[in-house]
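I opened this notebook to keep track of what I looked up in the model, entry by entry. The entries follow the order in which I turned to each part.

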Amino acid sequence: MPKNEKQAQQEREPNTKPSKVNVPVVSAIGPHGELIETIFDTDRERPKLAIWKNLNAQVLDSYTPDSLTRYVPFAGAKALVEHNVVQFAQGPMEYGTTCDLVDAIRAYIHKYVDVSEAFERLAANYVLLTWVHDRFNELPYLRRRGDYGTGKTRFLTVVGSICFKPIFAGGASTTSPIFHLLNQIGGTLVIDEADFRFSDESALIAKILNAGNVKGYPVLRSETTNGKDFRPRAFKVFGPKLVGMRGRYDDPALESRFLTETSSNPTDRQDVPINLPSEQAADAAVLRDKLLLYRFRNFARLGAPDRLDAAANGIEPRMHQILAPLMSVAEEETDRQAILAHASAAQEALREARGQTIEAEVLTVIRKLMKSEQGVGVRIQDIASAHGRAYLDAVSKPLAPRAMGDIVRTKLNLKTRKSHGVFIVSKTQHGTLERLYERYSVTDEDVARLADLLGETTHMEFGDIGGG
């Protein structure tokens, strides 16, 4: 066939060979189980891909695993890096053993931040967790609490810089870009809660924190392009969080997700620099590269979190649930003991806080009345009467039986039933009550003090209190 006729035939016939599709990625798992990560080449000032395949790492401009797909780096990485919004690794770097890496992280934190040794160990292992967090279904948050000048922001900057794809939200004027960055980057949110001074923005941050520690629970938001037509969109917010704040959240469930150290005074360590030197960024860049290789080497082996002897450490099931992933990455026994000790102390503080609530007062009354009453249970109106006489001053109005019933049913989740025309808390709930006494730290001594407040003399055997 003459050349010009062959060309004409090729032009007439459609090209049936499919073309490759470019797939931009930040983090991905390839079709053969390979790990793919966008990194940033600071020398050439452009993003690349780091690939972990067959126990080997390589850095490529793009990656083509098959005839149809070409993975390319996330195009927006350069702008995010230039504005210091997100920090990426530059490429995998050898680190030795995991213990060597944890020691290097601890030395880095100690060099720039003044925290207790136990929290330093906890923070170092939390950094490891951020690099493999997507292997777990639930995560704790790490928090530094304190007033201005106590090193809160320094902690966020130093520790946040070595976490997995840290997203620094301090410069955001609203929460909208935070939702988009979390959905697109999926890294570690580093946020100073004090930067969001308006109640509506704080409420949105609380939504991120409420939904962001459990995989598979996106936040729904409405978006519009013309100001009229709104469409719902789901934003993925799951991932580790580093939070700095002066106070605490009113929601006990949200508070239970934080591993917190509180600082009341500025540092008195003379070896901690007043201002962060330029070498801190260089130190952090080296650690991010080592941590990238840690992710590659350890991603496949992780997934099922360690089960702890929670009862032996005084840890409630909820704390156990969020602590297990952190314990799964902690290899040194000293680190594991420091984490457990911190969690136990936090749990005790939570119990003490609960013990100062109206729920604890009501439980104390119920515990006392359960022993003294001979019937099938304790009447709601008797609980309200005893609580008013013991805990309210002369000018305070005691709770009506209906309001007391609300506390018993909705806050303590106890069942009430009618007996002889009045509502009671039945003695058949002995097991549930015992767990509530433990949860709210209602003790024998509390019951004895209540008897004194009521002007009663009691010689009851405290071992029998709460009977059933």
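Does L55 count as buried or exposed? I looked this up before anything else, bearing in mind that the model is a predicted one. L55 counts as exposed, because its relative accessibility is 68% and the class begins over 50%.

**Entry: the hairpin around L55**

I placed L55 in the loop between β4 and β5, and I noted that its phi is positive, about 65°, although L55 is not a glycine. The two flanking strands, β4 (residues 46-53) and β5 (residues 56-60), run antiparallel and are joined by five bridges. They form a hairpin with two residues between them, and I found that N54 in the turn also has a positive phi, of about 55°. As one example of the pairing I wrote down L49, whose bridge partner in β5 is L60.

**Entry: overall figures**

I then stepped back to the whole protein, whose secondary structure comes to 16 helices and 16 strands. Of its 468 residues, 47% count as buried, and the accessible surface comes to about 23,600 Å², with 50% of that belonging to carbon and sulfur atoms. Among the contacts with a separation of 6 or more, I noted that 70% are between residues 24 or more positions apart.

**Entry: K165 and V85**

Which loop holds K165? I found K165 between α5 (152-160) and β8 (166-168), with a phi near 45°, again a positive value in a residue other than glycine. K165 has a relative accessible area of 6% and is therefore buried, the limit for that class being under 20%.

I also looked up V85, which lies in the loop between α2 (77-82) and α3 (98-112). V85 and K165 are 80 residues apart in sequence, while their C-alpha atoms are 9.8 Å apart in space. Leaving aside neighbours within four places in sequence, the contacts of V85 are L80, P166, I167, F168 and L181; of these I noted that P166, I167 and F168 fall within the span of β8 (166-168).

**Entry: the cavity**

How many cavities of 30 Å³ or more does the count give? The count comes to one, and I recorded a volume of about 60 Å³ for the largest cavity. K165 turned up again here, since the residues lining this cavity are E37, T38, I39, Q87, F88, A89, W131, F164, K165 and L292. Strand β3 (residues 35-41) gives the largest share of that lining, three residues. By residue class, the lining divides into six nonpolar, two polar and two charged.

**Entry: the largest pocket**

For the largest pocket I noted a volume of about 880 Å³. It is lined by 31 residues, and those nearest its centre are P252, E255, S256, L350 and R354. The elements that give two or more residues to this lining are β7 (141-146), α8 (252-255), β13 (258-263), α10 (317-329) and α11 (333-354). I found that α11 supplies the largest share, eight residues. The lining divides into twelve nonpolar, six polar and 13 charged residues.

**Entry: the second largest pocket**

The second largest pocket holds about 490 Å³ of space. Of the 25 residues that line this pocket, I listed H133, D134, I185, G186 and K236 as the closest to its centre. At least two lining residues each come from β2 (27-29), β3 and α6 (176-185), and α6 gives the most, with four residues. I noted that β3 therefore appears in two of my entries, as it also gives the largest share of the cavity lining. The classes here are 13 nonpolar, six polar and six charged residues.

**Entry: Q429**

Last, I turned to Q429 and asked where in the chain it is found. Q429 is in the loop between β16 (422-426) and α15 (430-439). Its relative accessible area is 11%, so I entered Q429 as buried, that class being under 20%. Leaving aside neighbours within four places in sequence, Q429 is in contact with L414 and K415.

Terms used:
Residues are numbered from 1 along each chain as its sequence is written. This is a predicted model: local features need pLDDT of at least 70, side-chain atom pairs count only at pLDDT 80 or more; totals for chains, interfaces and linings use all residues. Side-chain values use heavy atoms; hydrogens and water are left out. Buried means under 20% relative accessible area, exposed over 50%, partly exposed in between (1.4 Å probe, protein chains only). Contact means heavy atoms within 4.5 Å. Accessible areas come from the Shrake-Rupley method with a 1.4 Å probe; for residues, only the protein chains shown count as cover. On a 1 Å grid over the protein atoms alone, a cavity is a set of points where a 1.4 Å probe fits but cannot get out, and a pocket is an open set with protein on both sides within 12 Å along at least five of seven lines; lining residues have an atom within 4 Å of a point. Grid points are joined across faces, edges and corners, and a volume is the space filled by probe spheres set on the points. Ala, Val, Leu, Ile, Met, Phe, Trp, Tyr, Cys and Pro count as nonpolar, Asp, Glu, Lys and Arg as charged, and the others, Gly among them, as polar. Two strands pair if DSSP finds at least two bridges between them.
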